[in-house]
Amino acid sequence: MTESPKPPQAGDRLVATSSRPRPHRPARPAPAPPGVRAWQRTVAVLVWAVRVASRLAALVLVLYALFKVFGANQANIWYQFVESLAGSLSLGLANLFELADARWTTLVDYGLAALVWLVIGSVVAGLIRRAAP
């Protein structure tokens, strides 16, 4: 007499131990054509460049504000370099406020300009990414 195969048990390797169905793993998307991939890479590089440029502008402005607050040596070449860049990156906000202490005025004015650069960079990068197909 032959034995009939026994039904699968919960401990068997081929039987799921849970009554819940397994989550479906979505299929990978089809690869994009080469022209589209090149365009996507170009857009990604452009977004990266905008973000880096805006962050560098903000860094220069904050650095200049810190130089002024802590009384850096104005004859130093680094101070002069940062000052020349900050003057052109201030977006007209260099003399916006007039506080009692000139150091705090510089900190507020150039700090505000740095924040504006960060916001502008984020907005422009987002617009570039959304405009790209």
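This section describes the helices of a predicted model and the contacts between them.

The chain contains 3 helices and 0 strands, and its elements follow the pattern α-α-α along the sequence. Of the 133 residues in the chain, 20% are buried. The exposed surface of the chain amounts to about 10700 Å², with carbon and sulfur atoms supplying 64% of this area. When contacts between residues at least 6 apart in sequence are considered, 58% of them join residues at least 24 apart.

Helix H1 (34-69) consists of 36 residues. The distance from its first C-alpha to its last is 52 Å, close to the 52 Å expected at 1.5 Å a residue. The buried residues of H1 are Val-43, Val-47, Val-50, Ser-54, Ala-57, Ala-58, Val-60, Leu-61, Tyr-64, Ala-65 and Val-69. These buried residues pack against H2 and H3.

Two of the buried positions in H1 can be followed into H3. Ser-54, located in H1, has a relative accessible area of 5% and is therefore classed as buried, the cut-off being under 20%. Beyond its neighbours within four places in sequence, Ser-54 makes contact with Trp-117, Leu-118 and Gly-121. Val-47, which is also among the buried residues of H1, lies 8.1 Å from Val-124 in space, C-alpha to C-alpha, while the two are 77 residues apart in sequence. Val-124 belongs to helix H3. With a relative accessible area of 33%, Val-124 is partly exposed, whereas Val-47 is buried.

The segment between H1 and H2 includes two residues with local features. Just after H1, Gly-71 adopts a positive phi of about 65°. Asn-73 lies in the loop between H1 and H2 and counts as exposed, at 51% relative accessibility. The side chain of Asn-73 reaches the backbone nitrogen of Ala-75 at 3.1 Å. At the start of H2, another asparagine is involved in a contact with the backbone: a side-chain oxygen of Asn-76 comes to within 2.7 Å of the backbone nitrogen of Trp-78.

Helix H2 comprises 13 residues (residues 77-89), which at 1.5 Å a residue should span 18 Å; the end C-alpha atoms of H2 are 18 Å apart, in agreement with this expectation. Its buried residues are Tyr-79, Val-82, Ala-86 and Leu-89. These residues cover an arc of only 100° around the axis, and so they lie on the same side of H2. An α-helix has 3.6 residues a turn, so residues three or four places apart point the same way. On the face of H2 turned away from the buried side are the exposed residues Ile-77 and Ser-88. The buried residues of H2 pack against helix H1 (34-69) and helix H3 (102-131).

Aromatic residues contribute to the contact between H1 and H2. The model contains 4 aromatic pairs. One of these is formed by Tyr-64 and Tyr-79, whose rings are 6.1 Å apart centre to centre, with 45° between the planes, a tilted arrangement. Tyr-64 lies in helix H1 and Tyr-79 in helix H2, so this pair ties together parts that are 15 residues apart in sequence. Both partners are buried: Tyr-64 has a relative accessibility of 7%, and Tyr-79 has a relative accessible area of 2%. Ring pairs also link Tyr-64 and Tyr-79 with Phe-67 and Tyr-110, and the four residues form a cluster.

The loop that follows H2 contains a residue with a positive phi. Leu-91 lies between H2 and H3 and has a phi of about 60°, although it is not a glycine. This residue is partly exposed, with a relative accessible area of 42%. A positive phi thus occurs just after H1, at Gly-71, and just after H2, at Leu-91.

Taken together, the packing relations connect the three helices. The buried residues of H1 pack against H2 and H3, and those of H2 pack against H1 and H3.

Methods: Residues are numbered from 1 along each chain as its sequence is written. This is a predicted model: local features need pLDDT of at least 70, side-chain atom pairs count only at pLDDT 80 or more; totals for chains, interfaces and linings use all residues. Side-chain values use heavy atoms; hydrogens and water are left out. Helices (H or I, at least four residues) and strands (E, at least two) are DSSP runs, numbered from the N terminus. The expected span of a helix is 1.5 Å times one less than its number of residues. Buried means under 20% relative accessible area, exposed over 50%, partly exposed in between (1.4 Å probe, protein chains only). The arc is that of the directions from the helix axis to the C-beta atoms. Contact means heavy atoms within 4.5 Å. A polar contact is a pair of N or O atoms within 3.5 Å; within protein, one must be able to donate a hydrogen and the other to accept it, and residues adjacent in sequence count only if both atoms are side-chain atoms. Accessible areas come from the Shrake-Rupley method with a 1.4 Å probe; for residues, only the protein chains shown count as cover. Rings of Phe, Tyr and Trp (its six-membered ring) pair if their centres lie within 6.5 Å; planes under 30 degrees apart count as stacked, over 60 as edge-to-face and the rest as tilted.
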